[in-house]
Amino acid sequence: MSIEVQHITKLFGEQKALDDVSFRVDTGKIVGLLGPNGAGKSTLMKILTGFISQTSGEVLVNQIPIEKNGVDIRKEIGYLPENNPLYTEMYVREYLELTGRIYKLGKTLKTRVWEVIGLTGLTSEQGKKIGALSKGFRQRVGLAQALIHDPSVLILDEPTSGLDPNQIVEIRNLISLAGKEKTILLSTHIMQEVEAICDRVVIINKGKIITDKQADQLQDEVPEEKQTVVVEFKEKVSKELLQSFKAFGAIQKVKENIFIIRGLPEKDVRPEIFRFAVENKLTVLSMQEQEKSLEEIFRMLTKEKG
């Protein structure tokens, strides 16, 4: 099952929230949708799930247009909105049974409720009211309702927002498990989440896609003009001695013998580090080039220019 976005544009009056957006997500893939606030991510997700319609363009699920087969296609989509609206006065099992009846699960309802309760780790909480649950368990309930009808496509909007580190890892593991056999589009502001579970990253800014790359290829989007290297010497070295070496740029001391050294523009600093070591009778124990983090890449690609 795939979800395909073809030339989607969305206007709110004269404001263009989305501008000719196109990409595709295939089965077994988890794609991270990133963008600053106001970039158009939530608008796009609402279009993908049929909550609002686009001004132009088309959304296809398994090559079938959503607009022409709305009811049937929506059965193939599970959606977890950012604010995760739940009936807090209902019990967990009661709520999931209600959701299953909405999807007309029929005779398979009770079996499926048991399955998603186990899958999302809600067994111990199933008899509690949703309002009495921690935020982490509420997110699990939100995921359970998105999975109750066994959809082929999952649309998750900020699924770990506001959770503590342990809860984030738990929800992340659930998403990774579901991603083995489903098509998942995940919107988040948490860069570590994208690095941990996403196969591909789509970055949107001001309604336009500015990059669509495999997660391990994002470094290519921001050419490094100044190389940064972490070097460990066997001996103690003074920062002042390093700064006196003209082939080096900025120097940051980590420990007595470990430094972060930035080279000069468009020059490989590594041979210069070895030359410095030889001239000063030092031994280089290790040297590692630093890559930019996803957070740095995101900031550089989406920052205001001018």
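## A walk along the α3–α6 helices

Start by colouring this predicted model by pLDDT. Among the elements of the chain, helix α3 (residues 92–102) has the highest mean pLDDT, 96, while helix α2 (residues 70–74) has the lowest, 73. Over the chain as a whole the average is 87, and 96% of the residues score at least 70.

**Zoom out first.** Switch to cartoon and you'll have ten helices and 14 strands on screen. Now show just the C-alpha trace: along its principal axes it spans about 80 × 50 × 30 Å. The radius of gyration of the chain is 25 Å, whereas a compact globule of 306 residues would have one near 19 Å.

**Stop one: α3 and α4.** Go back to α3 and add helix α4, residues 109–119. Two packed helices are described by the angle between their axes and the distance between the axes, so that's what to look at on each stop. Here the axes come within 10 Å and cross at roughly 125 degrees. Angles from 65 to 115 degrees would count as roughly perpendicular and those over 145 as roughly antiparallel, so α3 and α4 are oblique to each other. As for handedness, α3 passes α4 in a right-handed crossing. To see who touches whom, show sticks for R93, L96, E97, G100 and R101 on the α3 side, then L109, K110, V113, W114, V116 and I117 on the α4 side. Colour this α3–α4 contact by class and you get six nonpolar residues, one polar and four charged.

**Stop two: α3 and α5.** Keep α3, hide α4 and bring in helix α5, residues 135–147. The axes of α3 and α5 are 9 Å apart, and the two helices pack at an angle of about 25 degrees. That angle falls under the 35-degree cut-off, which makes α3 roughly parallel to α5. This crossing, too, is right-handed. Select V92, Y95, L96 and T99 in α3, plus V141, A144 and Q145 in α5, and you have the contact. What classes do the residues of the α3–α5 contact fall into? Five are nonpolar and two are polar, with no charged residues.

**Stop three: α5 and α6.** Now let go of α3 and step from α5 to helix α6, residues 165–178. The axes of α5 and α6 sit 10 Å apart, with a packing angle of about 15 degrees. So α5 and α6 are roughly parallel to each other, and their crossing is right-handed. For the contact, pick G136, Q139, R140 and L143 from α5 and Q167, E170, I171 and L174 from α6. Coloured by class, the α5–α6 contact shows three nonpolar, three polar and two charged residues.

**Last view.** Put α3 and its two partners from the tour back on screen. L96 is worth a label: it is listed in the contact with α4 and again in the contact with α5.

Technical notes
Residues numbered from 1 in each chain as written. Predicted model: local features only at pLDDT ≥ 70, side-chain atom pairs only at ≥ 80, totals over all residues. Heavy atoms only, no water. pLDDT = per-residue confidence, 0-100. Helix = DSSP H or I, 4+ residues; strand = E, 2+ residues; numbered from the N terminus. Axes fitted to C-alpha atoms, helices over the stretch in contact; angles between N-to-C directions. Left-handed = near helix turned anticlockwise from the far one by under 90°. Contact = heavy atoms within 4.5 Å. Nonpolar A, V, L, I, M, F, W, Y, C, P; charged D, E, K, R; others polar. Rg over C-alpha atoms; globule rule 2.2 N^0.38 Å.
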